[in-house]
Amino acid sequence: MAGRVDPSTLSPMRSWSSDLSLDDIDWTTIFTNLFNSFSNNFKLIQYQYKLLHRISTCRYMRFRMKIEKDSPICSLCNSYLETLSHIFIDCAATSSFIQRVNLFIRTSIDESYDDPLRYYLICLSHSDNRINFINSVSCWYIGKSFQNKDILVWERYIKHLKLFSLGEKTDTVRGINVLIP
């Protein structure tokens, strides 16, 4: 039987480490948490898995596969190539939305929450699973919006957050339903 592969040696994880400007990401723990503790919603787990492995599509990727015909440029900011790194780390449209998510987390769950590098957003590695859940729904919503070339609307995100919280693990959504407007 072959030994386990260290996830940090895989190209997608090395790319995320570089994009997040962090060398010491514990990818084994991140994947363990992804599959064992943060959610029981397969759609969220699957999306995060695809995002971490960089197999979630973006406009640039679809353009290179000749699925997207018009342009690989970001559909929301119209300035840069729409890569996964651009969508989740650099895009101005995403940044303003994520600032609102971070404010929601700070005012509702953890007043000291800060994620300037987007580490918690991408890796879902915060010690509070409620924050990981909110960030996971944020990633799913951002990815879905970019794929559909839709602007990021807070009220639509809240609607999805409510829907995803239905049937979720008790410790994951503890208190979230009360906080959602």
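Where in the chain is the place of Tyr80?

1. **Tyr80.** The model is predicted. In it, Tyr80 sits in the loop between helix 4 and helix 5. Tyr80 counts as exposed, because its relative accessibility is 54% and the cut-off for exposed is over 50%. Leaving aside residues up to four places away in sequence, Tyr80 touches Pro72, Ile73, Cys74 and His86. Tyr80 and Asp90 are ten residues apart in sequence. Their C-alpha atoms are 9.3 Å apart in space.

2. **His86.** One of the contacts of Tyr80 is His86. His86 belongs to helix 5, which covers residues 84-90. Is His86 buried or exposed? His86 is buried, because its relative accessible area is 4% and buried means under 20%. With residues up to four places away in sequence left out, His86 touches Cys74, Cys77, Tyr80, Leu81 and Cys91. Three cysteines are thus named among the contacts of this histidine: Cys74, Cys77 and Cys91. Cys74 also appears among the contacts of Tyr80.

3. **Helix 1.** Helix 1 runs over residues 11-19. Its buried residues are Pro12, Met13, Trp16 and Ser17. Seen down the helix axis, these buried residues fall within an arc of 140°, so they line one face of helix 1. What do they pack against? Their partners are helix 2 (27-36), helix 3, helix 5 and helix 7 (119-123). Just after helix 1 comes Ser21, with a positive phi of about 60°.

4. **The Asp19-Arg54 salt bridge.** The count of salt bridges comes to three. One of them joins Asp19 to Arg54, with the closest N and O atoms 2.4 Å apart. This pair links distant parts of the chain, 35 residues apart. Asp19 is in helix 1, and Arg54 is in the loop between helix 3 and helix 4. Asp19 counts as partly exposed, because its relative accessibility is 28%. Arg54 also has a positive phi, of about 60°, although it is not a glycine. A check of the backbone at Arg54 can be made together with a look at its salt bridge to Asp19.

5. **The other two salt bridges.** Asp128 forms a salt bridge with Arg130. Their closest N and O atoms are 2.8 Å apart. Both Asp128 and Arg130 are buried. The side chains of Arg156 and Asp150 also meet in a salt bridge, at 4.0 Å from N to O. Arg156 is partly exposed, with a relative accessible area of 36%. Asp150 is partly exposed too, at 31%.

6. **A nonpolar surface patch.** Which residues make the nonpolar surface patch of about 290 Å²? They are Phe35, Tyr49 and Ile55. Ile55 lies in the loop between helix 3 (42-52) and helix 4 (59-64). Arg54 lies in that loop as well.

7. **Helix 6: length and burial.** Helix 6 has 17 residues, 92-108. At 1.5 Å a residue, helix 6 should span 24 Å. Its end C-alpha atoms are 24 Å apart, which agrees. The buried residues of helix 6 are Thr94, Ser95, Phe97, Ile98, Val101, Asn102, Phe104 and Ile105. The list includes polar residues such as Thr94, Ser95 and Asn102.

8. **Ala93.** Ala93 also lies in helix 6. Ala93 is partly exposed, because its relative accessible area is 25%. Not counting residues up to four places away in sequence, Ala93 touches Leu76 and Leu152. The C-alpha atoms of Ala93 and Leu76 are separated by 6.4 Å. Along the chain, Ala93 and Leu76 are 17 residues apart.

9. **Leu124.** Where is Leu124 placed? Leu124 is in the loop between helix 7 and helix 8 (129-147). Its phi is positive, about 50°, although Leu124 is not a glycine. Leu124 is buried, because its relative accessible area is 5%.

Note on methods
Residues numbered from 1 in each chain as written. Predicted model: local features only at pLDDT ≥ 70, side-chain atom pairs only at ≥ 80, totals over all residues. Heavy atoms only, no water. Patch = residues over 30% accessible without salt bridge, like charges linked within 9 Å, V, L, I, M, F, W, Y side chains within 5 Å. Areas by Shrake-Rupley, 256 points an atom, 1.4 Å probe, with all protein chains shown as cover. Helix = DSSP H or I, 4+ residues; strand = E, 2+ residues; numbered from the N terminus. Expected span 1.5 Å × (residues − 1). Buried < 20%, exposed > 50% of the residue type's maximum accessible area, 1.4 Å probe, protein only. Contact = heavy atoms within 4.5 Å. Arc of directions from axis to C-beta.
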